[in-house]
Amino acid sequence: MERGYAGLSFAAVADRAGTSRPVVNRHWPTKDLLVRDAIGRVSDSFPLTDPDTGALREDTISLLEQLNGAFTMFAAAMTAQLAAYFEETETTPADLRASLIDERWTLIESVTQRAVERGEIDGTKLTPRITRLPYDLLRHQALMDMKPMPSQDIQEIVDTIYLPLIT
């Protein structure tokens with residue numbers, strides 16, 4: 001975050017970690033792998049807990065609230081520091097997101113599946129795009145505003161966009 005992807009060097013990482021460059025290179029042979037692992041470690045510091053309140057609305061709002069701060073931090077990092085990473089690795093923000101969200105996505109899918117099992121929503125309306133919609137809207141606003149989304153906006157997304165689509 002201090003120097004951006006272009007300014008990152010193995011020597012600086014080794015110096016900051018109090019080790020040698022060869023030690024760093026043994027763990028991460030390329031800069032893109034080092035950065036991806038660092039982002040993954042930061043992502044792991046924002047764990048999701050399964051709210052399991054018994055209602056999709058409350059579960060979805062809880063998950064969005066949990067992700068709100070993490071999305072803001074990643075939005076700042078991605079826009080300010082990772083342009084060179086995406087150019088060098090010929091990847092996209094979507095590729096990076098996909099590599100980081102598997103465990104979290106399983107939790108999100110389990111929340112919607114429980115709602116289907118309770119008869120709260122029509123499972124035939126749950127396309128992958130619709131399931132992702134409230135989270136995509138949260139991420140978009142975090143990228144645009146570079147700050148957490150207000151709670152009332154999260155509730156508005158759930159109540160006026162998401163739930164009407166799936167009930």
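The questions and answers below look at one helix, one annotated region and one pocket of a predicted model.

Student: How far apart are the end C-alpha atoms of helix H10, and what span should its residues give?

Tutor: Helix H10 covers residues 151-166, which makes 16 residues, and at 1.5 Å a residue these should span 22 Å. The expected span agrees with the model, because the end C-alpha atoms of H10 are 21 Å apart.

Student: At which residue does H10 bend, and which of its residues are buried?

Tutor: Buried here means under 20% relative accessible area, and in H10 the residues that meet this are Ile154, Ile157, Val158, Tyr162, Leu163 and Ile166. One of these buried residues is also the place where the helix bends by about 30 degrees, namely Val158.

Student: What share of residues 9-28 is helix?

Tutor: An unreviewed UniProt entry lists residues 9-28 under the name "DNA-binding region". In the model, the end C-alpha atoms of this stretch are 12 Å apart, and while strand accounts for 0% of the chain there, helix accounts for 75%.

Student: Which helix gives the most to the lining of the second largest pocket?

Tutor: This pocket has a volume of about 410 Å³, and among its 22 lining residues Phe71, Phe74, Arg97, Ile101 and Arg139 lie nearest its centre. Helices H4, H5, H7, H8 and H9 each supply at least two residues of the lining. With six residues, the helix that gives the most is H5.

Student: How many residues of that lining are nonpolar?

Tutor: The lining of the second largest pocket holds one polar residue and five charged ones, and the count of nonpolar residues is 16.

How values were computed:
Residues numbered from 1 in each chain as written. Predicted model: local features only at pLDDT ≥ 70, side-chain atom pairs only at ≥ 80, totals over all residues. Heavy atoms only, no water. Helix = DSSP H or I, 4+ residues; strand = E, 2+ residues; numbered from the N terminus. Expected span 1.5 Å × (residues − 1). Bend = angle between axes of the 7 residues up to and from the residue. Buried < 20%, exposed > 50% of the residue type's maximum accessible area, 1.4 Å probe, protein only. UniProt positions renumbered as here; feature names shortened; annotations may be inferred. 1 Å grid on protein atoms, 1.4 Å probe; cavity = no way out; pocket = protein on both sides within 12 Å on 5 of 7 lines; lining within 4 Å. Points joined across faces, edges and corners; volume = space filled by probe spheres on them. Nonpolar A, V, L, I, M, F, W, Y, C, P; charged D, E, K, R; others polar.
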